[in-house]
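Subject: Structure for you to look at

Hello,

Here is the structure I promised to pass on. Please open it and keep it beside you while you read my notes below.

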Amino acid sequence: MDLFDLTQVALERAMSGASLRQRVLTNNLANANTPGFKRMDVDFHATLARELGGGSTRRGVAETGFTVARDASTSERVDGNNTDVDGEMAALAENSLDYQAMVAASRARVRILESAITGR
């Protein structure tokens, strides 16, 4: 029997996805004035939802990988860059809140386990 269940493993993978997305979004901001730069993003929510919706095992979820994709849905500026600084800042704030919520949920689950093990 494994100590951590599917939910805990999914939370850990989601935190990993949020961490990757944070790095990608900050890279977008760093290149906001780079001519020809195309913004990137990571849709880890959809990837995990697909994996969990397919009746995945713990191992399947634990091995879920996330893809950094070029965002072609936004309009380009004259210099060929399609990064919107305000949009990136909003996405960073949202991603940060997601990550904090996942950490809080994970921490609470670990505390429950600790309480069950120690009896306190």
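**A buried threonine**

Start with Thr83. Leaving out residues up to four places away in sequence, Thr83 touches Asn28, Ala32, Phe37, Arg39, Arg77 and Glu88. Keep in mind that this is a predicted model. Thr83 sits in the loop between strand S2 (68-70) and H4. Is Thr83 buried or exposed? Its relative accessibility is 4%, so Thr83 counts as buried, the limit being under 20%.

**Asn81, in that loop too**

Now step back to Asn81. Asn81 also lies in the loop between S2 and H4. The relative accessible area of Asn81 is 0%, so this residue is buried. What does Asn81 touch? Not counting residues up to four places away in sequence, the list is Asn31, Ala32, Asn33, Thr34, Gly36, Phe37 and Glu76. Ala32 and Phe37 are on the lists of both Thr83 and Asn81. Val68 is another matter. Asn81 and Val68 are 13 residues apart along the chain, and their C-alpha atoms are separated by 18 Å.

**The nonpolar core**

Next, look inside. The largest nonpolar core has 15 residues. Val42, Phe44, Phe66 and Met102 have the most contacts within this core. Which elements give two or more residues to it? They are helix H1 (6-30), helix H2 (44-53) and helix H4 (85-118). H1 supplies the largest share, 8 residues.

Pick out Val42 from that core. Its neighbours within four places in sequence are set aside here. Val42 is then in contact with Leu20, Arg21, Val24, Phe66, Thr67 and Val68. Phe66 is thus a contact of Val42 and one of the core residues with the most contacts.

**H1 against H2**

Two packed helices are described by the angle between their axes and the distance between the axes. For H1 and H2, the angle is about 155° and the axes are 9 Å apart. The angle is over 145, so H1 is roughly antiparallel to H2. The crossing of H1 past H2 is right-handed. Which residues make the contact? From H1 come Leu6, Ala10, Arg13, Ala14, Gly17, Ala18 and Arg21. From H2 come Phe44, Leu48 and Leu52. By type, the contact residues divide into 7 nonpolar, 1 polar and 2 charged.

**H1 against H4**

H1 packs on H4 as well. Again the angle is about 155°, and again the axes are 9 Å apart. H1 and H4 are therefore roughly antiparallel to each other. Which hand does this crossing have, left or right? H1 passes H4 in a left-handed crossing. The contact residues here divide into 15 nonpolar, 9 polar and 3 charged.

Now find Ala105 in helix H4. With a relative accessibility of 32%, Ala105 counts as partly exposed. Then find Leu11. Ala105 and Leu11 are 94 residues apart along the chain, yet their C-alpha atoms are separated by 8.0 Å.

**An exposed glutamate**

Finish with Glu63. Glu63 is placed in the loop between helix H3 (58-62) and S2. Is Glu63 buried or exposed? Its relative accessible area is 55%, so Glu63 is exposed. Where is Arg13 from here? The C-alpha atoms of Glu63 and Arg13 are separated by 8.4 Å, with their places 50 residues apart along the chain. Arg13 appeared earlier, among the H1 residues in contact with H2.

Best wishes

Terms used
Residues are numbered from 1 along each chain as its sequence is written. This is a predicted model: local features need pLDDT of at least 70, side-chain atom pairs count only at pLDDT 80 or more; totals for chains, interfaces and linings use all residues. Side-chain values use heavy atoms; hydrogens and water are left out. A nonpolar core is a set of buried Ala, Val, Leu, Ile, Met, Phe, Trp, Tyr and Cys residues joined through side-chain atoms within 4.5 Å. Buried means under 20% relative accessible area, exposed over 50%, partly exposed in between (1.4 Å probe, protein chains only). Helices (H or I, at least four residues) and strands (E, at least two) are DSSP runs, numbered from the N terminus. Contact means heavy atoms within 4.5 Å. Axes are lines fitted to C-alpha atoms, for helices over the stretch in contact, and angles run from 0 to 180 degrees between N-to-C directions. Angles under 35 degrees count as roughly parallel, over 145 as roughly antiparallel, 65 to 115 as roughly perpendicular and the rest as oblique. A crossing is left-handed if the near helix is turned anticlockwise from the far one by less than a right angle, and right-handed if clockwise. Ala, Val, Leu, Ile, Met, Phe, Trp, Tyr, Cys and Pro count as nonpolar, Asp, Glu, Lys and Arg as charged, and the others, Gly among them, as polar.
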